[in-house]
Amino acid sequence: MKVFLSWSGERSKRTAEALRFWLPDVLQYIDPWHSSLDISAGRRGVREITDELSETNFGIICVTPENQKSNWINFEAGSLAKQVEESYVVPFLIGMKTADLRSPLSQFQAISGDSKDDVQKLLFDINDASGGLAISRERLERSFRRSWPEFEKSMMRVSSVPSGNGLSVAVQRSEADMTEEILLISRQLDQRVTQIERYVLREEGEPRRPSREIRRISEEKFIASSFEKIGWEAVRSSWEGENVVVVAQSSSEPAQVISCDFVERLAKSLGREVVVRGETGKVISRSNRA
């Protein structure tokens with residue numbers, strides 16, 4: 001199975017190199033491709049990369065605060081998105097949180113490179129995407145537990161490498177930037193739900209899930225993704241009449257304020273009024289007419 005590793009900058013490059021050598025130790029059928037190691041001297045780099053992209057099954061984009069605006073990273077991400085299923089393009093974050101990720105990379109489900117659980121989920125996703133090559137989850141879990149300490153050490157070495165200018169790069173995101181992103185996710189949600197509904201209608205016999213249930217599952221994922229981008233976790237959501245009630249908790253200290261603009265954008269995207277509560281039941285924020 002071909003896995004394309006995209007990188008830009010020193011920390012990103014070292015992460016891609018670590019993944020290239022480690023991934024086949026966990027899943028032996030993986031064939032990772034890393035441009036600086038796999039392009040022979042004298043070969044035409046862009047042509048070689050384009051050829052590899054056309055044969056890719058799964059893409060991992062190694063993202064750092066200093067490279068996420070890189071034209072090259074975004075070119076490869078866009079090319080990967082055209083070649084493989086959207087869920088098979090994964091930003092692998094180094095020295096940053098999911099909430100720091102900017103569009104267009106933020107349209108993909110990202111993982112944190114220093115999180116054992118996130119990296120294990122990445123391996124599960126690759127395995128699930130590999131079709132007949134997949135091994136049992138139990139076998140994969142055993143292999144991952146044995147090999148994780150080696151990769152963890154590699155990531156610790158990467159974290160000690162300074163950014164390109166020798167300074168820490170802080171990611172500053174405006175409220176408008178993040179709320180605009182919600183609308184982008186909403187449009188993608190509508191497109192995805194339409195595709196799923198068409199697929200179900202093509203199936204012979206009764207649909208496996210009613211259309212309304214499919215849409216509800218997608219909306220819950222949309223809500224969770226939207227809150228994650230502002231540093232909150234949507235613990236659960238429920239539909240009560242014309243309102244959507246979201247129980248949320250902050251993922252950071254001190255907690256960021258959930259602005260009225262964010263909730264209004266969320267309500268507009270869902271087509272319903274939104275009430276946000278804390279786990280104690282206290283209302284944190286709500287849209288105007290809720």
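In this predicted model, Phe 92 has plenty of company: setting aside neighbours within four places in sequence, it is in contact with Thr 15, Leu 19, Ile 60, Ile 61, Cys 62, Val 63, Ile 111, Gly 113, Val 119, Leu 122, Phe 151 and Met 155. Phe 92 also belongs to the largest nonpolar core, a set of 32 residues, where it is listed with Leu 19, Trp 22, Ile 60, Leu 123 and Phe 151 as touching the most other members. Two or more residues of this core come from each of S1, H1, strand S3 (58-63), strand S4 (89-93), helix H5 (116-128) and helix H6 (137-159). Apart from it sits another core, this one of 18 residues, including Ile 223, Phe 227, Ala 234 and Trp 239. In soluble globular proteins, nonpolar side chains tend to be buried together.

Now for two polar residues. Ser 8 is found in the loop that runs between strand S1 (2-6) and H1. Its relative accessible area is 19%, so Ser 8 counts as buried, the cut-off being under 20%. Leaving out residues up to four places away in sequence, Ser 8 touches Asn 67, Ser 70 and Ile 73.

Asp 25 belongs to helix H1 (residues 10-26). With a relative accessible area of 40%, Asp 25 is partly exposed, because that class falls between the 20% and 50% limits. Once residues up to four places away in sequence are discounted, Asp 25 touches Ser 143 and Glu 150. As for Ser 147, 122 residues separate it from Asp 25 in sequence, yet the C-alpha to C-alpha distance between the two is 7.4 Å.

Methods:
Residues numbered from 1 in each chain as written. Predicted model: local features only at pLDDT ≥ 70, side-chain atom pairs only at ≥ 80, totals over all residues. Heavy atoms only, no water. Helix = DSSP H or I, 4+ residues; strand = E, 2+ residues; numbered from the N terminus. Buried < 20%, exposed > 50% of the residue type's maximum accessible area, 1.4 Å probe, protein only. Contact = heavy atoms within 4.5 Å. Core = buried A, V, L, I, M, F, W, Y, C linked by side-chain atoms within 4.5 Å.
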